[in-house]
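Got your viewer open and a hand on the mouse? Let's take a walk through this chain, one selection at a time.

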Amino acid sequence: MERVDTLMKHPLFRECRELIDRAEVNRIYCKHNLEHSLDVARIAYILNLEEQGALDKELIYAMALVHDLGRSEEYQNGKNHHIAGAEIAKQLLEASGFSAEEVHMICQAVAAHKSWSDEGLVKKVEEQEKVVDYCKKLLYRADKLSRNCYDCSASKTCYWDEKARNHQVLI
Ligand SMILES: [Fe+2]
């Protein structure tokens, strides 16, 4: 996965990662660290295989690795992390050799990954718009499934409402 390796070595990626890790050092809720991003990547990859989603492995890993980088800006200046995340993702993906189509798909998914529901899963992807749609839903679902809300010591004060929490070990 040469392009993913390039992305992870990019100075902007390193800078965002360090900033987030420093800002969250005392956070008792879910962290947005590299471990979380890799959990999301692996879960999304499994879902994609199970559903014959046909998304490229490298695209899935790149999407998961960049999806929360916008938090770095949110911690610095209060900018919405979905918008900031899509902007950062665009820079990193273009610099790492991803095509314009792939950059578009990933940025759309990053910008929307908090607002998609689980309803109406797209099982088979055929057209470009369906692929983008599938990408958004895949990232949302993998992000949620990566959180072990059923075993969280901070659940009493977590801002996630009951419906948003993950109560099942699905993978
Ligand atoms: Fe996340």
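What follows is a series of stops, each with something to select and something to look for.

**Stop 1: the whole chain**

Before you click on anything, keep in mind that this is a predicted model. Show the full chain as a cartoon: you'll find eight helices and zero strands. Starting at the N terminus, the elements simply read α-α-α-α-α-α-α-α. Of the 171 residues here, 35% are buried. Now think about who touches whom: among contacts with a separation of 6 or more, 63% join residues that sit 24 or more positions apart.

**Stop 2: colour by confidence**

Switch the colouring to pLDDT. The chain averages 88, and 89% of its residues reach 70 or more. Which element has the highest mean pLDDT, and which the lowest? The highest is α2, at 98, and the lowest is α8, at 86. Then select residues 115-126, where pLDDT stays under 50. The model has 16 contacts beyond four places in sequence for that stretch.

**Stop 3: helix α4**

Select residues 57-66, which make up α4. Is this helix mostly covered or mostly open? Mostly covered: eight of its ten residues are buried. Show side chains for L59, I60, Y61, A62, M63, A64, L65 and V66, and you have the buried ones.

Stay on V66 for a moment. Skipping its neighbours within four places in sequence, V66 contacts G85, I88, A89, L92, I106 and V110.

**Stop 4: the nonpolar core**

Zoom out a little. The largest nonpolar core holds 38 residues, and the ones with the most contacts inside it are A44, A62, M63, A64, V66, A89 and I106. At least two residues each come from α2, α3, α4, α6, α7 and α8. Which helix gives the most? That's α4, with eight residues.

**Stop 5: helix α6**

Select residues 81-95 for α6 and try a ruler check. At 1.5 Å a residue, a helix of 15 residues should span 21 Å, and the end C-alpha atoms of α6 are indeed 21 Å apart, so the two agree.

Next, highlight H81, A84, G85, A86, I88, A89, L92 and L93, the buried residues of α6. A handy thing to know while you look at the spacing: an α-helix has 3.6 residues a turn, so residues three or four places apart point the same way. What do the buried residues of α6 pack against? Their partners are α1, α2, α4, α5 and α7.

Just past the helix, click on G97: its phi is positive, near 95°.

**Stop 6: where α2 meets α6**

Keep α6 on screen and add α2, residues 11-23. The two helices pack at an angle of about 145°, and their axes are 9 Å apart. On the α2 side pick L12, F13 and C16; on the α6 side pick I88, Q91 and L92, which they meet. Sorted by type, the residues of this contact are five nonpolar, one polar and no charged.

**Stop 7: helix α7 and V103**

Move on to α7, residues 100-112. The ruler check works here too: 13 residues at 1.5 Å each should span 18 Å, which agrees with the 18 Å between the end C-alpha atoms of α7. Its buried residues are E102, M105, I106, C107, A109, V110 and A111.

Now click on V103, also in α7. Why does V103 count as partly exposed? It has 19 C-beta neighbours inside 10 Å, while a buried residue needs 20 or more. Leaving out residues up to four places away in sequence, V103 touches K90, L93, E94 and F98. Try a distance from V103 to L59 as well: they are 44 residues apart in sequence, yet 9.1 Å apart in space, C-alpha to C-alpha.

**Stop 8: the loop between α3 and α4**

Finish in a loop. Most residues other than glycine have a negative phi. Select Q52, in the loop between α3 and α4: its phi is positive, near 50°. Q52 is exposed, because it has 9 other C-beta atoms within 10 Å.

In the loop between α3 and α4 you can also select A54, whose phi is positive too, near 65°. A54 is exposed as well, with 12 other C-beta atoms within 10 Å.

Terms used:
Residues numbered from 1 in each chain as written. Predicted model: local features only at pLDDT ≥ 70, side-chain atom pairs only at ≥ 80, totals over all residues. Helix = DSSP H or I, 4+ residues; strand = E, 2+ residues; numbered from the N terminus. Expected span 1.5 Å × (residues − 1). Contact = placed C-beta atoms within 7 Å. Axes fitted to C-alpha atoms, helices over the stretch in contact; angles between N-to-C directions. Nonpolar A, V, L, I, M, F, W, Y, C, P; charged D, E, K, R; others polar. Core = buried A, V, L, I, M, F, W, Y, C linked by C-beta atoms within 7 Å. pLDDT = per-residue confidence, 0-100.
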